[in-house]
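Biologist: I have this one open for the first time. Can you walk me through a few spots in it?
Modeller: Yes, here it is.

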Amino acid sequence: MLEVTNHCNLKCITCPREYQFGEDMAKGFMDIRQLRKVVDEVYPYIDSIGLTGLGETLMYKQLEEAVDYIRAKSDGIILFISINAHLPKCVEIASRLADKLDTIQISMDGVGDVYEQVRLRSNYNTFFENTRAITAAAKGKRAEVMFNFVAVKENYHTLAEVVEAAHQLGVGYVNVTPFNVASVTAHDVSYYDFFQTEAFKNEIIRAKAMADRVGDVILSIWDFKSPAGFQKCHLPWSHFYISWDGYMTPCCAKPFPKELNFGNVFEEGLMTCLNKPGYQQFRQLWYTNETPEFCQKCHMVDMAPIPLDVDLPIN
């Protein structure tokens, strides 16, 4: 994960950048020369690169240059971005990238007024029309368009309608993930109790029924069923996160260098940071399933398993 920027045009209640850690973080854009340097170092050992972090990816003016540079290295690297489909030129940029990216993920956290209550500063009609244009432009191209739905108390009851909207817009995938309070200072782990309720479980079932009915939308969910614990998290071993200013943070759920980082890859090199004693000790805890203090409150370790009577792909 290369965080090309952590600037954003929206203020979403699901986003860690809108709470204390985010308020304290430095903000900026990744130097394209440093991005190329990181790509040079990881090639040919990497299988995927996400050009998204805490910000709106399409605000990065060198995005197309970055995509072209990675594609010139290998056509086999899986490339993906996540966007909010609100910027004035989002359709134009996404259209140009549709044959170069593998996935264009669009954040979709409800329908109508609910969407706007979760994604502050947003406009649902703008989102809907821009998404329609993006999926039309991507039809027959390399990129798959998908929705990512972060389930919170404010929006979970609209999940089936999100699947229906995906069908209407030609979006082939809807992925559901629970709100992670690891870096959200406004909530404690009791928030996860909500996901144990029959109301939430029933909405997953209703969304599955909607996906079955429309027939052209694949609904996938986070791994709600397996036991909680540090070993549930694969991020210490993959999905390395590099902040816009070069710091290697432990994960994408809490990517705040001031809280914890394993060095600066721009200054020290990626392999040096990956193999620092601190990072090795962090991964050693994974073997014994001991949760680092940094990871407390994460849904991987503090969210009890949820029995769901539905058969859905796990993301």
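**Salt bridges, helices and odd backbone spots**

Modeller: Start with Lys 73 and Asp 40, whose side chains meet in a salt bridge at 2.9 Å, N to O. A salt bridge here is a side-chain nitrogen of Lys or Arg within 4 Å of a carboxyl oxygen of Asp or Glu. Lys 73 lies in helix H3 and Asp 40 in helix H2, so the pair ties together parts that are 33 residues apart in sequence. Helices (H or I, at least four residues) and strands (E, at least two) are DSSP runs, numbered from the N terminus.

Biologist: What sort of model is it, and how are the residues numbered?
Modeller: This is a predicted model, with residues numbered from 1 along each chain as its sequence is written. Local features need pLDDT of at least 70 and side-chain atom pairs count only at pLDDT 80 or more, while totals for chains, interfaces and linings use all residues, and side-chain values use heavy atoms, with hydrogens and water left out.

Biologist: Back to the pair. Is Lys 73 buried or exposed?
Modeller: Neither; Lys 73 is partly exposed, with a relative accessible area of 26%. Asp 40 is also partly exposed, at 37%. Buried means under 20% relative accessible area, exposed over 50%, and partly exposed in between (1.4 Å probe, protein chains only).

Biologist: How many salt bridges does the count come to?
Modeller: The count is 19. One of them joins Arg 17 and Glu 18, where the closest N and O atoms are 2.8 Å apart. Arg 17 is buried, with a relative accessible area of 10%, and Glu 18 is buried too, at 16%.

Biologist: Which residue forms a salt bridge with Arg 96?
Modeller: Glu 92 does, with the closest N and O atoms 2.8 Å apart. Both residues lie in helix H4, four residues apart, about one turn of the helix. An α-helix has 3.6 residues a turn, so residues three or four places apart point the same way. Arg 96 is partly exposed at 38% relative accessibility, and Glu 92 is partly exposed at 41%.

Biologist: Which residues are linked in a network of salt bridges?
Modeller: Arg 71, Asp 75, Asp 102 and Arg 142.

Biologist: Arg 71 is in H3, right? Which residues of H3 are buried?
Modeller: H3 covers residues 63-73, and its buried residues are Leu 63, Ala 66, Val 67, Ile 70 and Arg 71. Seen down the axis of H3, they fall within an arc of 130°, so they line one face of the helix. The arc is that of the directions from the helix axis to the C-beta atoms.

Biologist: And what do the buried residues of H3 pack against?
Modeller: Helix H2 (32-42), strand E2 (48-50), strand E3 (78-83) and helix H4 (90-97). Contact means heavy atoms within 4.5 Å.

Biologist: Different topic. At what angle do H6 and H7 pack?
Modeller: Helix H6 (residues 124-138) and helix H7 (residues 159-169) pack at about 45°, with their axes 9 Å apart. Axes are lines fitted to C-alpha atoms, for helices over the stretch in contact, and angles run from 0 to 180 degrees between N-to-C directions. That makes H6 oblique to H7. Angles under 35 degrees count as roughly parallel, over 145 as roughly antiparallel, 65 to 115 as roughly perpendicular and the rest as oblique.

Biologist: Which residues meet there?
Modeller: From H6, Tyr 124, Phe 128, Thr 131, Arg 132 and Thr 135 meet Ala 165, Gln 168 and Leu 169 of H7.

Biologist: Now the backbone. Where is the peptide bond that is cis?
Modeller: Between Tyr 43 and Pro 44, with omega near 5°. Pro 44 sits in the loop between H2 and E2.

Biologist: Which residue between E5 and H6 should I look at?
Modeller: Arg 121, in the loop between strand E5 (119-120) and H6. Arg 121 has a positive phi of about 75° although it is not a glycine. Most residues other than glycine have a negative phi, and most peptide bonds are trans. Arg 121 is exposed, with a relative accessible area of 60%.

Biologist: Last one: what does Cys 298 touch?
Modeller: Asn 180, Ala 182, Tyr 192 and Met 303, not counting residues up to four places away in sequence. Cys 298 is in the loop between helix H11 (277-287) and helix H12 (299-302), and is buried at 12% relative accessible area.
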